[in-house]
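Here's a quick briefing to read alongside the model. Have the structure open and follow the residues as they come up.

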Amino acid sequence: MQLERVVAKDIRSAFDEVKERFGEDVLVVSNQKVGRSVELIVAVDITNSDAANEPAATQSVAAVSDMTQVAFEDALKHVAARVSAPYSRQPSDSDDAYDAQRLRELTALIKGEFAALRQEFHLAQRLAQVQGTEPQSSMLMDELYASGFPVALGHLLNNELDDSTDLAAGLGQLQMLLTQSLASSQPIELAGMHWIMGSAGAGKSTMAARLVHSAVNKFGEDAVALISFCDRKGGSWSQTQLNAAGAGVAAYRAQTPESLKALLDELAGVRCVVLDTGTQLSADELALIGAGTLEQQVHWVLAADVSEYAARHQIARSEIAIDSVCVSRMDSGVLAWPLIAALIDSQLPVCAYSEGSQVRSGLVSCTAEEWVTKLVGQFAQVLEDKLVQVNAMQQAKKGFSVDTLQG
């Protein structure tokens with residue numbers, strides 16, 4: 001399971017978006033007002049949603065059902081029971097360890113999210129008291145907060161943005177400040193070996209598939225390989241095979257560091273090797289990644305709609321050096337302000353992002369400036385849509401008033 005963040009104009013719209021994106025089987029962890037919008041934090045059963053997209057033969061783990069009908073404590077008990085529940089195939093010690101670890105991570109993540117939400121709320125209260133004796137913030141800052149902009153980051157940028165003479169100048173200033181705050185980066189270099197890492201549900205396997213398609217477009221099918229490395233999640237190997245078949249490249253599987261070393265020796269002439277890694281790696285497996293080569297790149301996948309706490313938590317728990325971040329789901333409808341705050345703090349560079357449902361053309365290599373330009377452009381589109389709605393409402397109100405006077 002993983003926490004997802006949804007921001008909408010009202011509670012009904014938020015629930016509609018949750019239902020459309022994640023289906024009925026979600027657990028609402030919290031909801032609160034964020035500026036003029038409503039924020040929902042929901043727990044999504046990632047294993048269940050992944051299995052729904054695979055052939056029936058690979059769906060070996062029982063799905064957690066009716067999550068919306070049980071209390072939070074019952075949901076955790078249900079997941080805990082699944083760790084020891086009988087499988088349709090013979091369970092192994094590694095399966096039990098994987099599920100138990102996922103349960104512990106989920107519990108810690110939810111506790112951390114609640115603590116972060118409380119801290120954000122208290123910070124907003126304190127800043128509101130301080131700003132009560134100061135001039136009002138600009139319209140741009142009000143709209144940023146309404147779109148889910150982190151309070152702490154907004155407080156740091158407030159003075160700079162208040163000096164802007166108009167909205168266009170303010171957006172330009174925002175883009176410049178965010179670009180300067182992020183670590184500078186270069187677009188992803190396709191040649192070489194790419195470790196694709198990240199937490200469950202971040203879009204790691206899909207990002208690996210998008211990278212493979214980009215490499216095929218540049219080098220050709222025979223010069224690219226996709227490897228599943230120590231991914232112990234049920235159905236992961238089938239997904240890797242499907243992704244490789246869609247790109248027309250060979251798929252390989254390595255479950256130990258020794259087998260991977262032998263496999264890489266055989267693929268020495270391949271221009272681009274993409275390794276889709278598991279989420280629970282042993283010390284030996286991590287050591288193999290950390291050893292590195294001059295052509296190796298380690299990419300951590302973070303979703304654009306991830307919460308600030310979850311992003312910081314994932315980055316902090318990484319036991320190896322991360323070269324760059326690939327941002328998934330840039331078209332999720334949620335602006336990636338919390339993610340950008342976490343990346344400013346960690347100073348990890350962004351090298352690519354994905355958008356759209358087409359895996360073949362969905363990877364966009366970028367610099368930090370280009371990614372910020374994309375994000376600020378999405379925010380500008382939100383402002384434009386809101387302005388159109390306001391103008392339409394004013395025109396309708398004006399027309400109603402004229403008709404009333406004439407009547």
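Buried here means under 20% relative accessible area, exposed means over 50%, and partly exposed is whatever falls in between. On that scale R329 is partly exposed, because its relative accessible area is 25%. Keep in mind that this is a predicted model.

**Salt bridges**

- The count comes to 10 salt bridges.
- One of them joins the side chains of E4 and R329, at 3.5 Å from N to O. E4 sits in strand β1 (residues 2-8) and R329 in the loop between β9 (324-328) and α13, so this pair ties together parts 325 residues apart in sequence.
- Unlike R329, which is partly exposed, E4 counts as buried, with 3% relative accessibility.
- That pair belongs to a wider set: E4, E17, R21, D305 and R329 are linked in a network of salt bridges.
- D276 and K204 also meet through their side chains, with 2.9 Å between N and O. Since D276 is in strand β7 and K204 in helix α8 (residues 204-219), the pair ties together parts that are 72 residues apart in sequence.
- Both ends of that bridge are tucked away: D276 is buried at 3% relative accessibility, and K204 is buried at 7%.
- Then there's R312 with D345, a salt bridge of 2.7 Å, N to O. It runs from helix α12 (residues 308-316), where R312 lies, to helix α13, home of D345, so it ties together parts 33 residues apart in sequence.
- Here the ends look outward: R312 is partly exposed at 31% relative accessibility, while D345 is exposed, with a relative accessible area of 54%.

**Aromatic pairs**

- There are 3 aromatic pairs by count.
- F149 and W337 make an edge-to-face pair, 5.0 Å centre to centre with 65° between the planes. It links distant parts of the chain, 188 residues apart: F149 is in the loop between α5 (139-146) and α6 (151-162), and W337 is in helix α13 (residues 337-346).
- Neither ring is out in the open: F149 is buried at 2% relative accessibility, and W337 is buried with a relative accessible area of 0%.
- W195 and F229 are edge-to-face too, at 5.5 Å centre to centre and 75° between the planes. This one connects strand β4 (residues 192-197), which holds W195, to strand β5 (residues 224-229), which holds F229, across 34 residues.
- W195 has a relative accessible area of 1%, which makes it buried, and F229 is buried at 0%.
- Ring pairs also join F149, W337 and F379 into a cluster.

**Nonpolar cores**

- Which residues have the most contacts inside the largest nonpolar core? They are W195, W337, L343 and W371, in a core of 64 residues.
- Setting aside neighbours within four places in sequence, L343 is in contact with L182, L302, I315, V325, L348, V350 and W371.
- Apart from that core lies another, of 24 residues, with I188, M207, F219 and C272 among them.
- As background, nonpolar side chains tend to be buried together in soluble globular proteins.

**Strand β5**

- β5 is mostly covered, with 6 of its 6 residues buried.
- V224, L226 and S228 point one way from the strand, whereas A225, I227 and F229 point the other way, and all are buried.
- β5 runs parallel to β7, and 6 bridges join the two. V224 has C272 as its bridge partner in β7.
- β5 also runs parallel to β6, this time with 5 bridges. In β6, A251 is the bridge partner of L226.

**Helix α10**

- Where do the buried residues of α10 fall when you look down its axis? P257, L260 and L263 are the buried ones in this helix (residues 257-266), and they fall within an arc of 120°, so they line one face.
- An α-helix has 3.6 residues a turn, so residues three or four places apart point the same way.
- On the face turned away from the buried side, α10 carries the exposed residues E258, D265 and E266.
- The buried residues of α10 pack against β4, β5, β6 (250-254), β7 (272-277) and α11 (283-291).

Methods:
Residues numbered from 1 in each chain as written. Predicted model: local features only at pLDDT ≥ 70, side-chain atom pairs only at ≥ 80, totals over all residues. Heavy atoms only, no water. Phe/Tyr/Trp six-rings, centres within 6.5 Å; stacked < 30°, edge-to-face > 60°. Helix = DSSP H or I, 4+ residues; strand = E, 2+ residues; numbered from the N terminus. Buried < 20%, exposed > 50% of the residue type's maximum accessible area, 1.4 Å probe, protein only. Arc of directions from axis to C-beta. Contact = heavy atoms within 4.5 Å. Core = buried A, V, L, I, M, F, W, Y, C linked by side-chain atoms within 4.5 Å. Salt bridge = Lys/Arg side-chain N within 4 Å of Asp/Glu carboxyl O. Pairing = 2+ DSSP bridges.
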